[in-house]
Amino acid sequence: MSTVQTSENSHLESIYFAGGCLWGVQEFIKYLPGVVTTEAGRANGTNNTQGEYDGYAECVKVTFDITAVTLYKLIEYFFEIIDPYSVNKQGNDVGLKYRSAIYSKQQCHLTIANDYINQRADADKIVVQVQLLTNYVPSDAEHQDRLTNFPDDYCHIPPELLHKYKSK
């Protein structure tokens, strides 16, 4: 996927959501209103997808149209599919790479994410990280749109929620 930086596309921005196995996160998010593209990847690890675990979080790069959906609303959608109180675990996915986080290269996105969390009545229990994206690497081809291509593969998100926003 190409990076969107042209002036004609100035209404497009990207955010990175980590919420357990990226297969389900991508499958859920790709159908949300205002989402233009999604890409499975790794946040804040090294520049490669081979070898030992290097501290990355499985994530989904989400490019969205700011004239069609607010970042605040996207974060609200994201919170529908995660347990925001769970440390390094979503469903049966356990480990540091399955932590829940919101990453961005833009400080204003991180401010919006922190504001969203802080306005919630349960803010003191939420363990979702909000951090600057320091590195992003796309996942290998077999992980892109995995649940679209292999709908019977494991997913930690319940089926009725996974496609809640998919048009019939």
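Let me start with the aromatic side chains: this structure holds eight aromatic pairs. Keep in mind that we are looking at a predicted model.

The pair to look at is F17 with F78, which is stacked, with 4.6 Å from centre to centre and 25° between the planes. F17 sits in strand β1, residues 12-19, and F78 sits in helix α2, residues 71-80, so this pair ties together parts of the chain that are 61 residues apart in sequence. Both partners are out of the solvent by the numbers: F17 is buried at a relative accessible area of 1%, and F78 is buried at 1% as well.

F78 has another partner in its neighbour along the helix. The ring centres of F78 and F79 are 6.2 Å apart and the planes meet at 85°, so this pair counts as edge-to-face. F79 is buried too, with a relative accessible area of 8%. Stepping back, ring pairs join F17, Y72, F78, F79 and Y116 into a cluster.

Now the helix itself. Which residues of α2 are buried? They are L71, L74, I75, Y77, F78 and F79. And what do they pack against? The list is β1, α1 (22-29), β2 (35-43), β3 (57-65), β6 (100-104) and α3 (107-119).

There are also charges over rings to mention. K73 lies over the face of Y77, at 4.9 Å from the ring centre. Elsewhere, R146 has its charged end over the ring of F150, 4.4 Å from the centre of that ring.

Next, a pocket. The second largest pocket encloses about 180 Å³ of space. Its lining is made of 13 residues, and those nearest the centre are L22, R42, Y56, E58 and H143. How does the lining of the second largest pocket divide by class? There are five nonpolar, three polar and five charged residues.

R42 comes up again when we turn to the loops. N48 is found in the loop between β2 and β3, and N48 is partly exposed, with a relative accessible area of 37%. Leaving aside residues up to four places away in sequence, N48 touches R42, D54 and V137. For a sense of where that loop residue is relative to the helix, N48 and F79 are 31 residues apart along the chain, and their C-alpha atoms are separated by 29 Å.

Last, some backbone angles. Most residues other than glycine have a negative phi. N88 is not a glycine, yet its phi is positive, at about 55°. N88 belongs to the loop between α2 and β4 (89-90). Is N88 buried or partly exposed? At 25% relative accessibility, N88 counts as partly exposed.

D145 is another such case: a residue that is not a glycine, with a positive phi of about 50°. D145 is located in the loop between β8 (136-138) and α4 (146-149). D145 has a relative accessible area of 25%, and is partly exposed.

To sum up, then. The ring cluster takes in F17, Y72, F78, F79 and Y116, and its stacked pair of F17 and F78 ties β1 to α2. The second largest pocket has R42 and H143 among the residues nearest its centre. For anyone opening the model afterwards, the positive phi values to look up are those of N88 and D145.

Note on methods:
Residues numbered from 1 in each chain as written. Predicted model: local features only at pLDDT ≥ 70, side-chain atom pairs only at ≥ 80, totals over all residues. Heavy atoms only, no water. Phe/Tyr/Trp six-rings, centres within 6.5 Å; stacked < 30°, edge-to-face > 60°. Helix = DSSP H or I, 4+ residues; strand = E, 2+ residues; numbered from the N terminus. Buried < 20%, exposed > 50% of the residue type's maximum accessible area, 1.4 Å probe, protein only. Lys NZ or Arg CZ within 6 Å of the ring centre and 35° of its normal. Contact = heavy atoms within 4.5 Å. 1 Å grid on protein atoms, 1.4 Å probe; cavity = no way out; pocket = protein on both sides within 12 Å on 5 of 7 lines; lining within 4 Å. Points joined across faces, edges and corners; volume = space filled by probe spheres on them. Nonpolar A, V, L, I, M, F, W, Y, C, P; charged D, E, K, R; others polar.
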